[in-house]
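This report looks at the ligand site first and the aromatic pairs second. Have the sequence and the 3D view open while reading.

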Amino acid sequence: MTDIYGLTYEALEAELVNIGEKSSRAGIIYPAVYGGLADVFDGLPLKGETLARLRENFSFDAPELLDVRTSETADKYLWKLNDGCTVESVLMKHEFGYNVCVSTQVGCNMGCKFCLSGRLRRRRDLTVSEMTGQVVGIAKHSGCRIGGISVMGIGEPMENLANVLGFIGIMTHPKGLAIGIKHITLSTCGIVPKIYELADSAYPVNLAISLHAPDDALRETIMPVAKRYTLAEIMEAARYYSEKLNRRVTLEYVMLDGVNDSDECAERLAELIGGMNAYVNIIRYNSSPESGFKCSPHERIMGFYDVLKKRGVGVTMRRSLGDDISAACGQLSAGTEK
Ligand code: SAH
């Protein structure tokens with residue numbers, strides 16, 4: 001059996017040929033699976049013999065829904081995978097539409113000090129199907145039309161880039177969910193060679209980089225990955241990305257009270273960015289009792305914001321969705337692991 005959620009359109013065409021069917025049948029199957037969100041082949045306008053062959057050869061291996069927590073702005077989903085591992089995803093309900101935040105790994109090995117996902121040591125990468133399954137599962141359960149995807153859940157997507165690209169291929173296919181490539185954002189802690197690889201790939205989605213500090217010394221204290229790649233290397237890769245694709249890169253900056261939130265940090269951040277086509281996305285830190293970090297107070301965040309503004313740096317503040325349902329990375333899984 002081949003799991004249909006793991007197949008790009010082209011891979012489905014090839015599989016159809018393998019089982020003695022015409023590749024053009026993909027044009028009927030794909031819209032049914034992703035447009036009608038059907039998980040059976042019944043009712044497709046195909047000969048009985050073909051339907052039987054499809055049933056014999058393809059399965060729909062969606063993850064099992066374990067728990068949903070809903071709020072006005074975000075719904076958090078917890079899934080159980082075939083091998084018993086759990087992953088989470090979030091449906092973000094923005095005014096402009098519905099976005100799904102997907103996880104790319106079970107746990108994460110990056111070990112960022114402030115992030116709960118780092119405590120869930122990575123056990124394995126997610127398959128293409130397990131990422132597709134999160135989106136299809138949420139679309140079915142919520143009845144919402146998914147307009148965008150954030151590859152920002154648990155895990156470091158660049159460590160699982162081949163599968164992430166397969167997943168993006170499925171999400172963007174015009175006969176499937178047809179999500180625009182500009183409505184997909186991938187966030188990385190800064191795996192430099194993979195930034196170039198994404199830029200040169202078939203799916204150069206919007207790029208967000210988790211910077212969180214304006215210099216290597218400070219960054220190393222909160223993000224171990226900073227020992228592997230310097231900010232200079234990261235900014236050079238970001239510049240390549242924005243120039244090649246003529247697109248603005250997002251630099252994420254989470255506000256950690258007393259750690260990275262001084263005016264001086266903001267000044268150095270402005271210097272680092274220079275004239276680059278990038279903007280800073282200031283993120284309120286979603287604190288939890290066990291994290292050991294607190295979010296900067298509102299006045300400090302505004303002070304930091306003002307310094308960047310005065311220096312001419314583009315800056316936005318992410319609305320914090322889902323505080324009340326522990327929607328920050330790893331919070332739900334961390335809760336069930338204990
Ligand atoms: N590994 C990728 C994507 C997953 S994390 C990356 O590092 O970018 C997505 C974003 O959420 C990152 O910027 C991460 O640093 C941030 N984050 C992690 N824990 C957080 C928390 N408790 N509150 C706010 N942001 C958090």
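## Polar contacts with the ligand

T188 offers a backbone N or O atom 3.4 Å from an oxygen atom of the ligand. The model is predicted. H212 also faces a ligand oxygen atom: a polar atom of the H212 side chain lies 2.6 Å away from that oxygen. At N286 the partner is a nitrogen atom of the ligand, 2.9 Å from a polar backbone atom of the residue.

On its own, the ligand has 530 Å² of accessible area, and the protein covers 92% of that. Two elements each give two or more residues to the shell around the ligand: β10 (184-188) and β12 (249-255).

## The shell around the ligand

There are 19 residues around the ligand. Those that come nearest are G155, S187, S210, H212 and N286. H212 and N286 have already appeared above, H212 with its side chain and N286 with its backbone.

What is the make-up of the shell by residue class? It divides into 9 nonpolar, 7 polar and 3 charged residues.

## Aromatic pairs

The structure holds 11 aromatic pairs. One of them joins F114 and Y285. Their ring centres are 6.5 Å apart, and 85 degrees separate the planes. The geometry is edge-to-face. F114 sits in the loop between β7 (105-106) and β8 (124-125), while Y285 sits in the loop between β13 (278-284) and α10 (298-310); the pair therefore ties together parts that are 171 residues apart in sequence. Are these two residues buried or exposed? Both F114 and Y285 are buried.

Y253 and F304 form another pair. Here the centres are 4.9 Å apart and the planes stand at 35 degrees, so the pair counts as tilted. The tilted class lies between the stacked limit, under 30 degrees, and the edge-to-face limit, over 60. Y253 belongs to strand β12 and F304 to helix α10, so this pair links parts of the chain that are 51 residues apart. Y253 has a relative accessible area of 1%. For F304 the value is 0%. Both values fall under the 20% limit, so Y253 and F304 are buried.

## Shared elements and a cluster

Strand β12 takes part in both topics of this report. It gives two or more residues to the ligand shell, and it carries Y253 of the tilted pair.

Which residues form one aromatic cluster? The members are Y5, Y9, Y30, Y34, F41, F58 and F60.

Key:
Residues are numbered from 1 along each chain as its sequence is written. This is a predicted model: local features need pLDDT of at least 70, side-chain atom pairs count only at pLDDT 80 or more; totals for chains, interfaces and linings use all residues. Side-chain values use heavy atoms; hydrogens and water are left out. A residue is near a molecule or strand if one of its heavy atoms lies within 4 Å of it. A polar contact is a pair of N or O atoms within 3.5 Å; within protein, one must be able to donate a hydrogen and the other to accept it, and residues adjacent in sequence count only if both atoms are side-chain atoms. Accessible areas come from the Shrake-Rupley method with a 1.4 Å probe; for residues, only the protein chains shown count as cover. Helices (H or I, at least four residues) and strands (E, at least two) are DSSP runs, numbered from the N terminus. Ala, Val, Leu, Ile, Met, Phe, Trp, Tyr, Cys and Pro count as nonpolar, Asp, Glu, Lys and Arg as charged, and the others, Gly among them, as polar. Rings of Phe, Tyr and Trp (its six-membered ring) pair if their centres lie within 6.5 Å; planes under 30 degrees apart count as stacked, over 60 as edge-to-face and the rest as tilted. Buried means under 20% relative accessible area, exposed over 50%, partly exposed in between (1.4 Å probe, protein chains only).
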